[in-house]
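Biologist: Hi! I'm new to this one, could you walk me through it?
Modeller: Happy to, let's look at it together.

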Amino acid sequence: MAENGTDCDQRRIGMIKEQHNGNFTDPSLPCERKRRDREERQNIVLWRQPLITLQYFFLETIINLKEWTIKLWHRRSIVVSFLLLLAVLTAAYYIEGTHQQYVQYTEKKFLWCAYWVGLGILSSVGLGTGLHTFLLYLGPHIASVTLAAYECNSVNFPEPPYPDQIICPDEEGIEGSISLWTIISKVRLEACMWGAGTAIGELPPYFMARAARLSGAEPDDEEYQEFEEMLEHAEAAQDFASRAKLAVQNLVQKVGFFGILACASIPNPLFDLAGITCGHFLVPFWTFFGATLIGKAIIKMHIQKLFVIITFSKHIVEQMVSLIGAVPSIGPSLQKPFQEYLEAQRIKLHHKSDNGVPQGENWLSWMFEKLVIVMVCYFILSIINSMAQSYAKRVQQKMYSEEKTK
């Protein structure tokens, strides 16, 4: 921010010099106006200006639909080919025949993979905030499979109801036959699809920075402006956050493919900066996306899977529950709901879904459901606010262009 103030002061001095030379310049400096416009847009949120926010959201939605329709019309040959392929697949889906077993298998796998890819995209694409789908969906799924595998001594859960519901198979396995590799293999597909979705969600910062560099434009994006300021004042960086961002930028720029792979292979909140860096320095698309896909969908996902599986292994869970009970005064009262929850899960694993055994609701599961609802609602609100602010940005840019033409 100090550097921005210095730039504004330099422009103000230049303006004064132009005034002394007889050339009068608009007193509203561009950097000041840009900062003021950004502050106005940040105030357009549902809890401050609900009516304006909803109005701008719907207007931005209409504009986006119109732009997408025009783009599809310009690529109508691809759209027609896709519609023809969709018609063929629809005919194969509804026509009776021996091929139906393959169609049903393909449909099931496709929907399952698309579900996890979509959650991965939601986790990293942003739109104001990411929906932390690993903590809300993939992590609990891996934990459930881990607990069930140790309880059933098998991962051959009957399909259906798996994956919608986990039930122990009729022929239970031998005690001690479950290993880490067995559980990893069971959840590998959904974990890799989720990781691939997070890699796809990292593409918008890359394309934004690449388009800005090729066109010479200055996008009003805070992360991109912060990146450019960081490049300009790299030597003066003192705080830890700035040095960490510079380290990521230098690693990606100098090492290339393996630098991107290293940044993508570990939980890294600064990876958006890697995408901006690659786009700004015109790193080839397949170099960036290939390294990101390998790092997130293979290396990072196996690290996260191992962490969840080890954490929810049978003996570790039992030890954690016993440690909770050892807490003075409040330990036994806190331990009881955890024991009830684990016991309810064990009972659920050993009965069939059609025998009508009622299952009581535990307060832990009730709290988790409410947490998921709150997170999803907050994510939807962030999308509405982000799109409303995008429309406000359009209005400001239009007013600015009209003033320049006068």
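Modeller: What follows is a short chat about helices, aromatic rings and a few unusual spots in this predicted model.

Biologist: Great. How many helices and strands does the chain have?
Modeller: There are 17 helices and zero strands in the chain.

Biologist: And what share of the residues counts as buried?
Modeller: Of the 406 residues, 34% count as buried.

Biologist: What about contacts across the sequence: what share join residues at least 24 apart?
Modeller: That share is 68%, taken among contacts between residues at least 6 apart in sequence.

Biologist: Let's talk helix packing. How do people describe two packed helices?
Modeller: With two values: the angle between the axes and the distance between them.

Biologist: OK, so what are those values for helix 5 and helix 8?
Modeller: Helix 5 covers residues 100-124 and helix 8 covers residues 188-201; their axes are 6 Å apart, at an angle of about 45°. The two helices are therefore oblique to each other. Their crossing is right-handed.

Biologist: Which residues meet there?
Modeller: From helix 5, the contact includes Lys109, Trp112, Cys113, Trp116 and Val117. On the helix 8 side, Leu189, Glu190, Met193 and Trp194 are among them. Sorted by class, the residues of this contact of helix 5 with helix 8 are 10 nonpolar, six polar and two charged.

Biologist: Helix 5 seems busy. What does the packing of helix 5 and helix 6 look like?
Modeller: The axes of helix 5 and helix 6 cross at roughly 145° and come within 9 Å. Trp112, Tyr115, Trp116, Leu119, Gly120, Leu122 and Ser123 of helix 5 touch Thr133, Tyr137, Leu138 and His141 of helix 6. The contact of helix 5 with helix 6 has seven nonpolar and four polar residues, with no charged ones.

Biologist: And how does helix 6 sit against helix 14?
Modeller: Helix 6 (residues 133-152) and helix 14 (residues 285-311) have axes that come within 9 Å and cross at roughly 55°. That angle makes helix 6 oblique to helix 14. This crossing of helix 6 and helix 14 is right-handed.

Biologist: Who's touching whom in that one?
Modeller: Phe134, Leu138, Gly139, Ile142, Ala143 and Thr146 from helix 6 meet Met301, Gln304, Lys305, Val308 and Ile309 from helix 14. By class, the contact of helix 6 with helix 14 splits into seven nonpolar, three polar and one charged.

Biologist: I also noticed lysine 296. Where is lysine 296 found, and is lysine 296 buried or exposed?
Modeller: Lysine 296 is in helix 14. Its relative accessibility is 6%, so lysine 296 counts as buried.

Biologist: What is lysine 296 in contact with?
Modeller: Setting aside neighbours within four places in sequence, lysine 296 contacts Gly195, Thr198, Ala199, Glu202, Ala264, Phe271 and Met301.

Biologist: New topic: aromatic rings. How many aromatic pairs are there?
Modeller: The count comes to 16 aromatic pairs. Take tyrosine 56 and tyrosine 391: their ring centres are 5.0 Å apart and their planes are at 55°, so the pair is tilted. Tyrosine 56 lies in helix 3 (residues 50-74) and tyrosine 391 in helix 17 (residues 363-405), so to speak linking distant parts of the chain, 335 residues apart.

Biologist: Is tyrosine 391 buried or exposed?
Modeller: Tyrosine 391 is buried, with a relative accessible area of 17%.

Biologist: Which residues form an aromatic cluster?
Modeller: Tyr206, Phe207, Phe285, Trp286, Phe288 and Phe289 form one aromatic cluster.

Biologist: Last topic, the backbone. What's usual for phi and peptide bonds?
Modeller: Most residues other than glycine have a negative phi, and most peptide bonds are trans.

Biologist: Then which residues are joined by a cis peptide bond?
Modeller: Tyrosine 162 and proline 163 are, with omega about 10°. Proline 163 sits in the loop between helix 6 and helix 7 (180-186).

Biologist: And what is phi of asparagine 153?
Modeller: Phi of asparagine 153 is near 55°, a positive value in a residue other than glycine. Asparagine 153 also lies in the loop between helix 6 and helix 7. With 10% relative accessibility, asparagine 153 counts as buried.

Biologist: Thanks, that helps a lot!

Note on methods
Residues are numbered from 1 along each chain as its sequence is written. This is a predicted model: local features need pLDDT of at least 70, side-chain atom pairs count only at pLDDT 80 or more; totals for chains, interfaces and linings use all residues. Side-chain values use heavy atoms; hydrogens and water are left out. Axes are lines fitted to C-alpha atoms, for helices over the stretch in contact, and angles run from 0 to 180 degrees between N-to-C directions. Helices (H or I, at least four residues) and strands (E, at least two) are DSSP runs, numbered from the N terminus. Angles under 35 degrees count as roughly parallel, over 145 as roughly antiparallel, 65 to 115 as roughly perpendicular and the rest as oblique. A crossing is left-handed if the near helix is turned anticlockwise from the far one by less than a right angle, and right-handed if clockwise. Contact means heavy atoms within 4.5 Å. Ala, Val, Leu, Ile, Met, Phe, Trp, Tyr, Cys and Pro count as nonpolar, Asp, Glu, Lys and Arg as charged, and the others, Gly among them, as polar. Rings of Phe, Tyr and Trp (its six-membered ring) pair if their centres lie within 6.5 Å; planes under 30 degrees apart count as stacked, over 60 as edge-to-face and the rest as tilted. Buried means under 20% relative accessible area, exposed over 50%, partly exposed in between (1.4 Å probe, protein chains only).
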